[in-house]
Amino acid sequence: TPVYGQSQAPSTGRVIGANERVNIGYIGVGGQGQAHVRSMKGHKGDSNLAQTAVCDISQSRMDQAQDIIGEKVGRYVDHRKLLEDKDIDAVCIATVDHWHTPCSVDAMNAGKDVYVEKPMTRTVAESQGLVDLAKTHNRVLMVDHTFLFTSAIQKVKEVAVKGELGQVLYFD
């Protein structure tokens with residue numbers, strides 16, 4: 001089963017069987033978090049996932065996320081309480097930037113796979129620490145750069161590779 005944002009299952013780590021559903025918890029369901037809730041809802045059948053829990057300090061944001069999901073889900077104000085749920089396999093982290101690393105560390109230490117918004121961390125050392133932790137715990141760690149795989153960006157890449165733009169000096 002594809003991992004969210006990929007077209008094929010990862011080659012390492014836990015591979016989900018055809019009859020096994022991936023239970024997702026969302027940590028941070030503001031604007032970007034709700035975009036992930038909507039996107040994953042649109043692909044939940046293809047990706048064999050269940051949206052099972054939301055976490056935010058705002059009750060109204062959790063209400064909105066639950067309305068998008070369309071069914072009752074676990075609700076948490078403290079991400080650590082969400083991570084105690086043994087039924088949750090993976091988390092999508094879309095908190096404010098300085099919480100990305102602590103939530104990712106806590107999630108992997110709790111045995112969860114992690115999809116985290118960019119920036120993943122504030123420093124290179126924090127980034128390496130997360131990569132090392134993912135390896136230690138045999139967890140999937142994915143940083144949100146899925147925009148790079150949209151058809152428009154892929155078309156720009158194709159045109160650039162063909163040299164149709166001339167020499168590319170800078171791209172941001």
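This passage describes the sheet of a predicted model and the helices that pack around it.

The centre of the description is an open sheet of six strands, arranged in the order β3-β2-β1-β4-β5-β6 with parallel pairing. Its edge strands are β3 (74-76) and β6 (141-143), each of which pairs on one side only, and from one strand to the next the twist averages 20°. Strands of a sheet pair through backbone hydrogen bonds, in either a parallel or an antiparallel manner.

Within this sheet, strand β4 (residues 90-93) is joined by four bridges to β1, with the two strands running parallel, and G25 has V91 as its bridge partner in β4. Four bridges likewise join β4 to strand β5 (residues 113-116), again in a parallel arrangement; here I93 has V116 as its bridge partner, while C92 stands opposite Y115 in β5. In a regular strand the side chains alternate between the two faces of the sheet. In β4, A90 and C92 point one way, whereas V91 and I93 point the other way, and all of these residues are buried.

Several helices are placed against these strands. Helix α1 (residues 31-47) lies across β1 (22-27), β2 (49-55), β4 and β5, and runs at about 155° to β2. In helix α2 (residues 59-69), the residues M62, A65, Q66, I68 and I69 are buried; because they cover an arc of only 155° around the axis, they are on the same side of α2. The buried residues of α2 pack against β1, β2 and β3 and also against α1. Just after α2, G70 adopts a positive phi of about 85°.

Helix α4 and its surroundings can be followed through S104, a residue placed in this helix (residues 100-109). S104 has a relative accessible area of 0% and is therefore buried. When its neighbours within four places in sequence are left aside, S104 is in contact with I93, V114, V116 and L130. Of these contacts, I93 and V116 are also bridge partners, V116 being in β5. The helix itself packs on the sheet, where α4 touches β1, β4, β5 and β6, and its direction makes about 165° with that of β5.

A further contact of α4 is made with helix α5 (residues 124-137), the axes of the two helices coming within 10 Å and crossing at roughly 10°. Because angles under 35 degrees count as roughly parallel, α4 and α5 are roughly parallel to each other. In this contact, T101, S104, V105, M108 and N109 of α4 meet E126, L130, L133, A134 and H137 of α5, and the residues involved divide into five nonpolar, four polar and one charged.

The loop between β5 and α5 contains M120, which counts as buried because its relative accessibility is 13%, and the limit for a buried residue is under 20%. Apart from its neighbours within four places in sequence, M120 is in contact with H100, T101, S127, L130, L141 and V143. Although M120 and T101 are 19 residues apart along the chain, their C-alpha atoms are separated by 6.6 Å. T101 is also one of the α4 residues that meet α5, and L130 is among the α5 residues in that contact.

Definitions and conventions. Residues numbered from 1 in each chain as written. Predicted model: local features only at pLDDT ≥ 70, side-chain atom pairs only at ≥ 80, totals over all residues. Heavy atoms only, no water. Buried < 20%, exposed > 50% of the residue type's maximum accessible area, 1.4 Å probe, protein only. Contact = heavy atoms within 4.5 Å. Axes fitted to C-alpha atoms, helices over the stretch in contact; angles between N-to-C directions. Parallel < 35°, antiparallel > 145°, perpendicular 65-115°, else oblique. Nonpolar A, V, L, I, M, F, W, Y, C, P; charged D, E, K, R; others polar. Pairing = 2+ DSSP bridges. Arc of directions from axis to C-beta.
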